[in-house]
Amino acid sequence: MKPSENIEELIAGVRLETNTKADKAVLDDVLNTLETSKNKKSATLGPNIWRIIMKSRMTKLAAAAVIIVAVAFSINLLDKTTAPAYAVEQTIQAMRSVSSVHAYCTDWDNSQGESWAQINPETGEEEYHYSDQGNLLIVATPEVTYFYHKDKNRVRIQKGYVPASEVRISRFFEDMAMWVQEHDGELEFHRQFDEDLQKEVIMVHVTMSVQGAEFIVRIDTQTKLPINIESIKSKPGQGVKRVDQLEYNVSIPEGIFDFEIPEGAEIVNIP
Amino acid sequence: MFEDKLLIWKFRRGDADALRRIYAGYKDDLLRLATALLSRTSVAEDIVHDVFLDLAGSREKLRLGGNLKGYLTICVANRARNVNKTARIRKSVGLDEAQSAASSAKRPEQWIIYNERFRRLNEALDELPYEQREAIILHLHGSMTFKAVAGFQAVSINTAQSRYRYGLEKLRSILDSEAE
């Protein structure tokens with residue numbers, strides 16, 4: 001080594017080559033192992049775990065929480081590299097106190113949007129909802145829901161409240177467990193350091209094999225509330241690409257749920 | 001990072017192409033890491049081979065986020081440490097040096113093609129206490145922070161940094177004396 005040479009650069013910069021025949025032989029061996037493992041049935045994961053959900057709504061919710069906890073706990077037991085157990089009932093509890101949600105979203109066409117929802121903490125049901133995403137503005141109240149297509153200056157009106165999603169935001173995990181079960185899906189929990197958020201989060205990977213949807217929910221380890229939701233795979237009508245940021249129990253801007261039909265707009269009543 | 005996450009999820013669902021990509025993307029770095037930690041090429045090759053076999057066989061139990069490289073680095077480092085411990089015990093009781101890792105699979109021929117520079121560097125690394133060698137290699141080849149190295153070695157960050165610094169000084173002195 002030359003005296004002037006930087007020892008760290010020397011070590012970091014050293015490269016090696018591999019024999020391509022051996023590369024292929026090892027890869028074949030590894031792929032064979034994968035094939036063998038695919039034939040073995042998983043003891044800890046799989047849709048069959050959801051079949052034990054009970055019939056009544058109350059027992060359904062209780063069973064869902066128990067199952068989620070059981071799955072998360074078994075995962076933590078299996079995975080020695082994760083931090084101590086994340087208790088999903090903390091998220092369930094934290095979400096039950098949510099009375100309003102503010103979300104920033106990105107859709108599949110990369111349009112940016114914003115949503116507000118007012119929630120009844122007793123029932124978890126949304127009472128009012130506002131979503132402004134790309135060309136579509138939705139305002140939903142208990143009496144009527146407006147869909148305003150800005151590019152066409154058309155307002156579609158439907159009587160009653162049309163919910164923003166298939167799950168109640170403040171009962172997100174409870175409803176999602178049912179949803180996942182109904183769609184033959186999986187929920188997986190693990191803890192990781194998120195490079196984008198620069199902090200540790202609980203990551204929940206949701207897969208719906210029947211619907212072909214797949215998304216990730218990141219949960220704040222301190223507040224126990226979801227921070228964002230990201231679709232990995234989706235189909236038209238299955239929601240936005242990303243909920244970039246979620247805020248809870250924020251003040252809702254006055255008058256945001258008072259929709260006024262724009263001048264000259266075409267009105268379409270939905271039966 | 002995001003690509004790694006997708007790769008992991010696809011792999012967990014048994015996607016062979018995802019596993020091929022993981023293998024192609026990380027095998028060279030892992031072989032370099034294992035060889036730098038152990039010097040003995042055949043043992044290093046077996047360790048990396050075994051790490052990939054374990055990965056393929058335990059996809060459903062795999063729990064990690066996007067940091068696939070970090071996970072594989074730790075797998076290799078753990079096995080290298082075990083082999084090193086076994087070698088020390090065998091030496092202390094007068095037995096032969098450690099046998100290779102668990103792999104019983106045979107490759108057609110040597111996997112790593114050694115170059116002279118790498119060989120000389122590894123000979124020098126072989127003269128360091130294992131803890132110093134490990135701190136240097138995990139930081140420089142495994143891209144681990146000192147905090148992560150300290151966690152892996154179960155010591156304070158200061159100790160991990162000292163091991164790294166003393167190791168580098170000794171390495172420099174060995175390589176400089178060879179050049180004279």
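Let's start at A:S37, which sits in helix 2 (residues 20-39) of chain A. Everything described here comes from a predicted model, so please read it as such. Is A:S37 buried or exposed? Its relative accessibility is 10%, and because buried means under 20%, A:S37 counts as buried. What does A:S37 touch once residues up to four places away in sequence are set aside? Its partners are B:A56, B:G57 and B:R59. There is a polar link here as well: the side chain of A:S37 reaches the backbone oxygen of B:A56 at 3.3 Å.

**Salt bridges between and within chains**

Helix 2 of chain A also takes part in a charged pair. A:D23 forms a salt bridge with B:K27, and their closest N and O atoms are 3.2 Å apart. This pair crosses between chains, running from A:D23 in helix 2 of chain A to B:K27 in helix 2 (residues 16-38) of chain B. B:K27 has another partner too, since the side chains of B:K27 and B:D28 meet in a salt bridge at 2.8 Å, N to O. Together, A:D23, B:K27 and B:D28 are linked in a network of salt bridges.

How do the members of this network stand with respect to the surface? A:D23 counts as buried at 11% relative accessibility, and B:K27 is buried with a relative accessible area of 9%. B:D28, on the other hand, is partly exposed, with a relative accessible area of 31%.

How many salt bridges are there over all chains? The count comes to 17. The table shows some of them.

| Salt bridge | N to O distance |
|---|---|
| A:D23 and B:K27 | 3.2 Å |
| A:R154 and A:E266 | 3.0 Å |
| B:K27 and B:D28 | 2.8 Å |

**Strands 6, 7 and 13 of chain A**

The salt bridge between A:R154 and A:E266 links distant parts of the chain: A:R154 is in strand 7 of chain A and A:E266 is in strand 13 of chain A, 112 residues apart. Both ends are partly exposed: A:R154 has a relative accessible area of 25%, and A:E266 has one of 39%.

The two strands that carry these residues are themselves paired. Strand 7 of chain A and strand 13 (residues 266-270) of chain A run in the parallel sense, with 5 bridges. As one example, A:V155 has A:I267 in strand 13 as its bridge partner.

Strand 7 pairs with strand 6 as well. Here 6 bridges join strand 6 (residues 144-149) to strand 7 (residues 154-159) of chain A, and the two run antiparallel. A:V144 has A:K159 in strand 7 as its bridge partner. What do strands 6 and 7 of chain A form? They form a hairpin with 4 residues between them, and in the turn A:N153 has a positive phi of about 50°. As you trace these strands on the structure, keep one general pattern in mind: in a regular strand the side chains alternate between the two faces of the sheet.

**A buried lysine without a salt bridge**

Now look at A:K224, in the loop between strand 10 (213-220) and strand 11 (226-233) of chain A. A:K224 is buried yet has no salt bridge. Which side chain of opposite charge is nearest to A:K224? That is A:D220, 7.3 Å away. A salt bridge needs the atoms to lie within 4 Å, so a pair at that distance does not count. The side chain of A:K224 does reach the backbone oxygen of A:T221, at 2.6 Å. Leaving aside neighbours within four places in sequence, A:K224 is in contact with A:Q90, A:T91, A:A94 and A:I219.

**Chain B as a whole**

Chain B has 8 helices and 1 strand, and along the sequence they follow the pattern α-α-α-α-β-α-α-α-α. Of its 180 residues, 51% count as buried. Among the contacts in chain B with a separation of 6 or more, 72% are between residues 24 or more positions apart.

Why is helix 6 (residues 130-140) of chain B described as largely enclosed by the rest of the structure? The reason is that 9 of its 11 residues are buried; among them are B:Y130, B:R133, B:E134 and B:L140.

**Cysteines**

How many disulfides does the structure hold over all chains? The number is 0. In general, a disulfide is a covalent bond between the sulfur atoms of two cysteines. As for individual cysteines, A:C105 counts as buried at 5% relative accessibility, whereas B:C75 counts as partly exposed at 21%.

Conventions
Residues numbered from 1 in each chain as written. Chains lettered and ligands numbered in written order. Predicted model: local features only at pLDDT ≥ 70, side-chain atom pairs only at ≥ 80, totals over all residues. Heavy atoms only, no water. Disulfide = S-S within 2.5 Å. Buried < 20%, exposed > 50% of the residue type's maximum accessible area, 1.4 Å probe, protein only. Pairing = 2+ DSSP bridges. Lys, Arg positive; Asp, Glu negative; His and termini not counted. Polar contact = N/O pair within 3.5 Å; in protein donor to acceptor, adjacent residues only side chain to side chain. Contact = heavy atoms within 4.5 Å.
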